[in-house]
Amino acid sequence: MSGGSTPYASRQGQLKQESSIFERGGHGRVGYSLPALDVPAVDAVDAWGAELVRQQVAGFPEVSEVDVVRHFTRISQHNYGIDLGLHPLGSCTMKYNPKLHEQVARFRGFTAAHPYMPEAASQGALELMWRLERILSEITGLPYLSMQPAAGAQGELTGIMMIAAYHNKRGERRQKVLIPDSAHGTNPATASLCGFEPVEIPSTERGTIDLDALRRAMDDDTAALMLTNPNTLGLFEEHIDEIADIVHAAGGLMYCDGANLNAILGKTRPGDFGADVFHINMHKTFTTPHGGGGPGCGPVALSEKLEPFRPRPVVVKEEDGSYRFDDDRPDSMGKIHGFYGNFAMMVRGYAYIRAHGARGLRQIADDAVLAANYIKERLKAEYELPHDRHCMHEVVLSDRRQKEHGVSAMDICKRLMDYGFHPPTVYFPLVVSGALMIEPTETVSLQEIDGFVEAMLAIAREARDDAELVKGAPHTTYHRRLDETLAARHPILRWEPRSDEVSEPEST
Amino acid sequence: MDDEMKKGAVTDRNDTGGGGRYLSLGKSDREAMLAAVGVADVEELFAAIPPASRFEGSLGLEAAMSEIELVDHLEELAAGNAADRRVLSFLGAGCNPHFVPSHVDALIQRQEFLTAYTPYQPELGQGTLQAIFEFQSLVCMLTGMDVCNASVYDGASAVAEAVLMARRLARRGGRVLLSEGLHPAYEAVARTYARYVDDIQFEVLPLDEHGRTIVGQIDDEVIAIVLQQPNFFGIVEDLRVAGEQSAAAGAKLVVNTTEAVAFGLALPPAEAGADIVVGELQSFGNGMNFGGPLVGFMACRDGDKRNLPGRLAGRTVDVDGQEGYVLTLSTREQHIRRARATSNICTNEALCALAACIHMCSLGRNGIADLARTNLAKATYARQALADRGMPVVYDGPHFNEFAVRVGGDAAELVDRCLANGVVPGVALGRFDAARADQLLVCVTEVHSKQAIDRMADVVAEAVA
């Protein structure tokens, strides 16, 4: 089958090393313009006193706009991005980011909207937030939303804090939060931040939560179970109804991590399978651009019993059709963001959901799950498949067979770059040794999938026949394997003038 | 709901009335893939969902919208905000009205930056990594600190994380003194983050009549003092007093900023003895966006870097000895350290940090000082213009680009009256503190012409009268 033979990620020859911006300046160059001052100038030394005024911001470059544009354009070319090709990163849902979103999010009515503008003059923003809340409520099957968390991990924090507030209000100070061993690292980190003791629950051979272990651990000192469903092995928790019953029967609440929502859009709803809180990664499921690491947007959907504890303020719709913030929330867990959350990301997520409608969302889940299962079927002959049954939107393989030839999951990842693909998520979940976690999403064509599969199969052959080739990869990227140990042992975390360079020119 | 949809929507053609254009599989692809997987119907792949938990109906959402309809719809929503030229606004308070040069936004829209994943695979993310490294360097230069992280959500969570970091550094709990000049929303977020940390007690340090924090003498039960520069009321603090006191008591001085442009002129906090400098960089290269996304940052001394939350980019070499960058010191982070991580943060604000980085580079050594001087001059003029019309400042200490005035009545009502005349003169402070209901916080920057300031002052004077 076709595709995948063009090494998009491998562009050696077109690129040059780009020195740091701090080495590109020239005394007297400017990269900005300001209007002529139309009010009297004020000397900071007179206004503040000389002791509070600095001479200059030493080290800042002196560059023209042209220098800046060339510098950042050049370094950008050392990045791989979604528009170039597949990012099969398990648990990350790296799907296409529509261009429309970048346009609509930049309407001046949004970008110049101020969070403290009187509500009467902020009705558009409030209406968008309210509409998005209602939509996410329908998708999750949970009645209320908080849009405030800035990313998934902050959504987790919000969710667990609401759970803590709920128990406290009932006069209980439960100490434990149960977390399956396949969970994301953010789960135990969040539980600790809220003062809970994270207790690990093992997975069974089938890759789902061990019900007996859960029963043993669940008691009246347990505040919640933090469950990712579908889980990080790409498997739906078949006994979800029973899990929810066990947790609820002991007075605990079900926190559901929504990292994998893409698989279940319109198929099942967290509120219907017993979740009390569910965070949504807007930047995954509803495709706000990843931006090299953010910004995200991590709204939290919640059940009726947690409603009083929502972060303040909340958006309400009045009978006359107008919208306002309600900040009079005595039981609220407090504020989690300086303002109302990552609004510009909400605009993008809203546009995406409105483009799809109910039927489109279901199609997303169908296609994402079909693509993952297709990859699983085509790769299982060469790669160890720890759980050989239908997966959801991602499949987790292991490097066990390649390890026999000394080739690790990381080597496979690096070699994939030579074939023009971003590698999958690696060494996660921790419950699978040498895990390769592959999530294609619905925005990858069959040609691209086949190209990826062919590359993976070729690498499996190479691991047998020429292991050194794989272990030395990547060979064709501009930078070859980078020394992470050196970076950690001798951290260089900021630019400083190199010793052979002259000191910086004095500025006025 | 039609039968085709129930079956999994293997229709002849993807929906052309909405998001179908984003789907990459067509009918023939799906058929071939189902055959390869060995199932007749895609529903079989969802068999693990127990019947009781299945959602059988159709989600109650409005119909899919085409691109044409969506643009119209969102234009309409955007027009529901008075954020265009119809309104002259002097709102700031940590979400500040600065000009964003065109090239900043053009560069961050390059797909290589916009759509890239977190650079855990450094060979494919050198662009992002080098930009983060330069961002970290610029913030170190601006604050005088040794190490800066790759960003956190916003200034508010940065303050909260700084309090928790100070507790880790102290290896014990204790009292945390928050200046009354700290942004009230930041204080609220810090209290939220620390709610379940039983051994932290917050106390508030009041302001003197000039608007500066009264630090006084502190004892050794204090683990951190948190000040803001310039403070919430726009006053330039003399951080050196807090620096001396915190050093003497063995506490950490945390300095927050919601207006980093001030550091084009203001003494770097490190020189006043700050141990941790945090805050918000939205003023550089980022729009206001109804309050998010923002650009929180955290900077510290070299010796404390292993307690810093968030990602860090570091310089290294590849196997050929070629210089490059990686994410480093990851053992602080949740994906390695899990329950014992310095923070639960994962995703940060990388693209917003990139915009801030590009804007700071473009301003450069001269521009950042010029920009700060312009802001200072405009705000000084506006302060005088309001004083001339009978609205005195609340605090007479030195200010930067923001100041609080008394309007002699309810400020929120005044704002509403001014809005009717197309002017929003500032933030009515009663929303944070009922005792300040007659106070207005006015932010004046390079975007405000003398003419605009005069008009604002006139409209306010008229509304007061």
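This report describes a predicted model with chains A and B, beginning with confidence and then turning to the fold of chain A and the contact between the chains.

## Confidence in the model

The model as a whole scores ipTM 0.96 and pTM 0.96. For chain B the mean pLDDT, which is the predictor's confidence in each residue on a scale from 0 to 100, is 95, and 97% of the residues of chain B reach 70 or more. One stretch calls for caution, since the pLDDT is below 50 over residues 4-10 of chain B, although this stretch still has 15 contacts in the model beyond near neighbours in sequence.

## The fold of chain A

Chain A contains 16 helices and twelve strands. The radius of gyration of chain A is 26 Å, which is close to the 23 Å that the globule rule gives for 508 residues, and chain A is therefore as compact as a globular protein of that length. Along its principal axes, the C-alpha trace of chain A spans about 70 × 70 × 45 Å.

Of the 508 residues of chain A, 60% count as buried. When the contacts in chain A with a separation of 6 or more are considered, 74% of them are accounted for by residues 24 or more positions apart.

## Where the two chains meet

In the model, 173 residues of chain B are in contact with 174 residues of chain A. On the side of chain B that touches chain A, helix α11 (residues 350-388) of chain B gives the most, with 21 residues. Sorted by class, this side of chain B has 95 nonpolar residues, alongside 49 polar and 29 charged ones.

Terms used. Residues numbered from 1 in each chain as written. Chains lettered and ligands numbered in written order. Predicted model: local features only at pLDDT ≥ 70, side-chain atom pairs only at ≥ 80, totals over all residues. Contact = placed C-beta atoms within 7 Å. Helix = DSSP H or I, 4+ residues; strand = E, 2+ residues; numbered from the N terminus. Nonpolar A, V, L, I, M, F, W, Y, C, P; charged D, E, K, R; others polar. Rg over C-alpha atoms; globule rule 2.2 N^0.38 Å. Buried ≥ 20, exposed ≤ 12 C-beta atoms within 10 Å, placed from the backbone.
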